[in-house]
Amino acid sequence: MNFIDIILKKKNKEELTESEIFYVIDQIGKAPDYQFASLLMAICLNGMNKTETALLTEAMLMSGDIIDLSEIEGIKVDKHSTGGVADTTTLVLAPLTASCGLPVVKMSGRGLGHTGGTLDKLESIPGFNVSLTQAQAVKQVKDIGVVVMGQTGKLCPADGYLYKLRDVTGTVQSIPLIASSIMSKKIAVGTDAIVLDVKCGSGAFMKNVDDALELAEEMVDIGGLINKKVTAFITNMDQPLGNNVGNTLEVIEAIEILKGNEKGDLYEVSLGLGSQMLVSGGIASTNDEAYDMLEKNISNGKGLEKLEEMIKAQGGDPDVLNDYSLFKQPKFTKEIYLQGGYVSGFDTEAVGRASAELGAGRTSYDMPIDYSAGIVLNARIGDKYDPSVPFAVMYSDSEDKINSAEKIFKDSVRLSDTPVEKPKVILGMVAR
Ligand code: URA
């Protein structure tokens, strides 16, 4: 078999066979990056059908280990977002659903480009360790019911390689590549059911509902092929999900939600996904019943207690829950004022880039993060903005970075003279 023939086949919009797809994955570490990059671009432009996507998922899954969670009792449920801005749902729903009795094993990723990553957020908690072995993770779930950690090196190494390459070759935005990347990792984690959050809008990889729906259906179908219950929600990413963008800031917002001090879009999406996790895990029989359980465990403090247990178990300082000054503090703060009007939209990807520019994200793989950096928004789509108060506040260790991020951020906000409706946050759901 020959790599060039396979590239030419995809360039000519032909279907790849099982042996060709497995050959390509086997060539990782043997064939040069440029051949993979060329094939990835051909897939991006010409697509893959459902069979090819399922085979690519299987080939990537087989490139590494599959975690054995059989020691943990109960139905294990995982959740995954396709990536967005101020998307802090994991930090709310992992401890909250665990506090209702669901065993939660969550392998998360780092932020890259304009999207944030749960591991970076957790590492903003002093001492928090995301690098656990499989045995440590299983023990923690048996002890306290929840773990949120990084992927072990042996899990889907093929995805690790291809994702890094896609990120620097303009080939992230492809439904078969995203579906196979996410589903291979989710299947490798070995949970029984998966809840997916497919982001849709200006801050997501899928910019419109049709594409988001296609991606959701693709992933639900892959789940069906291997007998896993997969439910996919399509949620709005036309503005940052929470009001806080940036690692420490997002952790604080999740804590405030678990304390019962904040509601809003982040709350709605977290509890919507969390309800489905409880239903998929057999803890509740309907989404309404599950929603009530989650709300109850916010008001009685059990969700927050579970977060505290998780922070302690993973070496973090639990005192941050009551004293936010224990987080790293930024050196500079700037209030951002705009002209008044109704907030009509955001270029949310640019908001994510502004936050990364402040130091909250990476522009290259191993770049250190400024955990205190980020943006707090005081207005959302549909709000009437009063120009005498700051529209947003920026935090960073560098004044120069604040100045360059300010321009990106200001250009990202759209204001209108006429009233604007608040957008829906959960746009749809796909399940078979
Ligand atoms: N998240 C992933 O894990 N993979 C993708 O391709 C996109 C988002």
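Hi everyone, let me start at the ligand: α9 gives the most to the shell around the ligand, with 4 residues. Before I go on, please keep in mind that this is a predicted model.

So, which residues are around the ligand? They are His 80, Thr 82, Tyr 163, Arg 166, Ile 178, Ser 181, Ile 182 and Lys 185. If you sort that shell by class, you get 3 nonpolar, 3 polar and 2 charged residues.

Let's look at the polar contacts, side chain by side chain. For Arg 166, a polar side-chain atom sits 2.9 Å from an oxygen atom of the ligand. Ser 181 also brings a polar side-chain atom, and this one is 2.6 Å from a nitrogen atom of the ligand. Then there is Lys 185, where an N or O atom of the side chain is 2.4 Å from an oxygen atom of the ligand. How much of the ligand's accessible area does the protein cover? On its own the ligand has 240 Å² of accessible area, and 92% of that is covered by the protein.

If you look for pockets in the model, the largest pocket is the space taken by the ligand. Two elements give two or more residues to the shell there, namely α8, residues 157-167, and α9, residues 175-188.

Now please turn the model with me, and let's move on to the sheets. One is an open sheet of 4 strands, paired antiparallel in the order β6-β9-β11-β7. Which strands stand at its edges? Those are β6 (244-245) and β7 (332-336); each has a single partner strand, so one side of each is left without a neighbour in the sheet. To follow β7 inwards, go to β11, residues 392-396: the two strands run antiparallel and are joined by 5 bridges. One pair you can pick out is Ile 336 with its bridge partner in β11, Ala 392.

There is also an open sheet of 3 strands, again with antiparallel pairing, and its order is β10-β8-β12. Here the edges are β10 (384-385) and β12 (413-416), and because each has a single partner strand, one side of each lacks a neighbour in the sheet. β8 covers residues 341-346, and its antiparallel pairing with β10 runs over 2 bridges. If you want a place to zoom in, find Tyr 342, which stands opposite Lys 384 in β10.

That's my tour, thanks for listening!

Note on methods. Residues numbered from 1 in each chain as written. Predicted model: local features only at pLDDT ≥ 70, side-chain atom pairs only at ≥ 80, totals over all residues. Heavy atoms only, no water. Near = heavy atom within 4 Å. Polar contact = N/O pair within 3.5 Å; in protein donor to acceptor, adjacent residues only side chain to side chain. Areas by Shrake-Rupley, 256 points an atom, 1.4 Å probe, with all protein chains shown as cover. 1 Å grid on protein atoms, 1.4 Å probe; cavity = no way out; pocket = protein on both sides within 12 Å on 5 of 7 lines; lining within 4 Å. Sits in = over half its atoms within 2 Å of the grid points. Nonpolar A, V, L, I, M, F, W, Y, C, P; charged D, E, K, R; others polar. Pairing = 2+ DSSP bridges.
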